[in-house]
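Good morning, and thank you for the time on today's agenda. I should like to introduce a structure that is new to most of us, beginning with a single residue and working outward.

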Amino acid sequence: MNATKGKILAASLQLFNTHGISNVSLRTIAEGVGISVGNLQYHFKKREAIVEAHYFALVKKIDAIVFLESEDVFKSFFNSADGLIHMLFEYHFFLLDFTTIIRNNSKIKAHYSEVSKQREIAFLDSIQVLIAEGLFRREALHDEYLSVFKRIEVISNFWFSSILIQEDTLHKKAIKDYSSLVSQSLYPYLTDLGKDRYAKLFPNQMVSGSQT
């Protein structure tokens with residue numbers, strides 16, 4: 001990536017995060033970089049091309065999170081939520097305008113659908129490993145863990161939007177709150193052994209005497 005293209009992406013990311021996509025034009029981005037609109041369009045002909053570049057950059061970073069890469073599968077599984085939300089916060093404009101982007105960009109929509117399925121498979125595979133290790137209980141309902149995945153996916157996609165319904169701006173506290181929300185939503189599915197591991201991993205979340 002050449003220097004000018006990198007500056008365009010950096011400036012546009014900051015502008016999108018601050019003002020939202022609908023309030024940022026190519027001219028606004030060009031002024032932020034200190035170049036002409038014509039020069040900007042040499043690299044990105046449309047604003048949508050910049051949005052796509054950010055989307056695929058975000059996907060690449062998320063792809064680096066693999067639940068089972070660590071020898072400590074349990075810790076890796078739960079820490080992935082924290083890593084995910086840090087990345088989403090870096091590109092939070094995308095989630096704040098998620099529905100609009102998906103509806104208006106067929107390329108992103110098709111790719112997101114494919115990626116979502118891959119994430120689902122990875123999540124369910126991880127759960128099976130954790131069940132085999134005696135850390136998660138077996139399903140009591142049909143497709144119970146599939147439903148868990150879908151709930152977490154909805155939270156991830158609309159967490160920041162939910163915050164801004166009540167607050168004016170996003171703060172990094174949203175990262176910690178999201179991580180706790182996701183990890184605690186998984187707590188009821190843990191075995192006694194899993195709950196003991198959870199208490200050691202997240203001691204600040206525990207109420208004294210409530211580990212099992």
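Let us begin with E120. Apart from its neighbours within four places in sequence, E120 is in contact with L146, F149 and K150. E120 itself is placed in helix 8. Is E120 buried or exposed? Its relative accessible area is 10%, and because buried means under 20%, E120 counts as buried. Please bear in mind throughout that this is a predicted model.

With that residue located, I turn to the chain as a whole. The secondary structure of the protein chain comes to 11 helices and 0 strands. Read along the sequence, the pattern is accordingly α-α-α-α-α-α-α-α-α-α-α. The C-alpha atoms fill a box of roughly 60 × 30 × 30 Å, taken along the principal axes. The protein chain has 212 residues, and buried residues make up 42% of them. Among contacts with a separation of 6 or more, 66% are accounted for by residues 24 or more positions apart.

Next, the interior. In soluble globular proteins, nonpolar side chains tend to be buried together. Here, the largest nonpolar core has 66 residues. Which residues have the most contacts inside it? They are I29, I50, F78, F93, F136, F160 and L186. Helix 5, residues 73-90, gives the most to this core, with 10 residues.

F136, one of the residues just named, merits a closer look. Not counting residues up to four places away in sequence, F136 touches F74, F77, F78, I127, L130, I131, Y145, L186, Y189, L190 and T191. F78 and L186 are thus both partners of F136 and, like F136, among the residues with the most contacts inside the core.

How do helix 5 and helix 8 meet? The axes of helix 5 and helix 8, the latter spanning residues 106-132, come within 10 Å and cross at roughly 145°. The crossing of helix 5 past helix 8 is left-handed. On the helix 5 side, the residues involved are V73, F74 and F77, which meet F123, S126, I127, V129 and L130 in helix 8. By character, the residues of this contact divide into 7 nonpolar, 1 polar and no charged.

I now move to helix 2, residues 26-33. Its buried residues are L26, I29, A30 and V33. Why do these residues lie on the same side of helix 2? They cover an arc of only 100° around the axis, and therefore share that side. On the other side of helix 2, R27, E31 and G32 are exposed. The buried residues of helix 2 pack against helix 1 (3-19), helix 3 (37-43) and helix 4 (47-63). After helix 2 comes G34, with a positive phi near 85°.

A second positive phi deserves mention. Most residues other than glycine have a negative phi. D143, although not a glycine, has a positive phi of about 55°. D143 is located in the loop between helix 8 and helix 9 (144-166).

Three further residues complete the tour. V51 lies in helix 4, and at 6% relative accessibility V51 counts as buried. Leaving out residues up to four places away in sequence, V51 touches F16, I21, F93, I101 and I108. V51 and N105 are 54 residues apart along the chain, with their C-alpha atoms separated by 9.5 Å.

I102 belongs to helix 7 and is buried, with a relative accessible area of 12%. Not counting residues up to four places away, I102 touches I108, K109 and Y112. I108 is therefore a partner of both V51 and I102, and both of these residues count as buried. The C-alpha atoms of I102 and A81, 21 residues apart along the chain, are separated by 23 Å.

Where is D97 placed? D97 sits in the loop between helix 6 (92-96) and helix 7 (98-104). Aside from its neighbours within four places in sequence, D97 is in contact with G20 and I21. I21 is also among the residues touched by V51. From D97 to D63 there are 34 residues in sequence and 21 Å in space, C-alpha to C-alpha.

To close, I return to the starting point: E120, a buried residue of helix 8, in contact with L146, F149 and K150. Thank you for your attention.

Methods
Residues numbered from 1 in each chain as written. Predicted model: local features only at pLDDT ≥ 70, side-chain atom pairs only at ≥ 80, totals over all residues. Heavy atoms only, no water. Core = buried A, V, L, I, M, F, W, Y, C linked by side-chain atoms within 4.5 Å. Buried < 20%, exposed > 50% of the residue type's maximum accessible area, 1.4 Å probe, protein only. Helix = DSSP H or I, 4+ residues; strand = E, 2+ residues; numbered from the N terminus. Contact = heavy atoms within 4.5 Å. Axes fitted to C-alpha atoms, helices over the stretch in contact; angles between N-to-C directions. Left-handed = near helix turned anticlockwise from the far one by under 90°. Nonpolar A, V, L, I, M, F, W, Y, C, P; charged D, E, K, R; others polar. Arc of directions from axis to C-beta.
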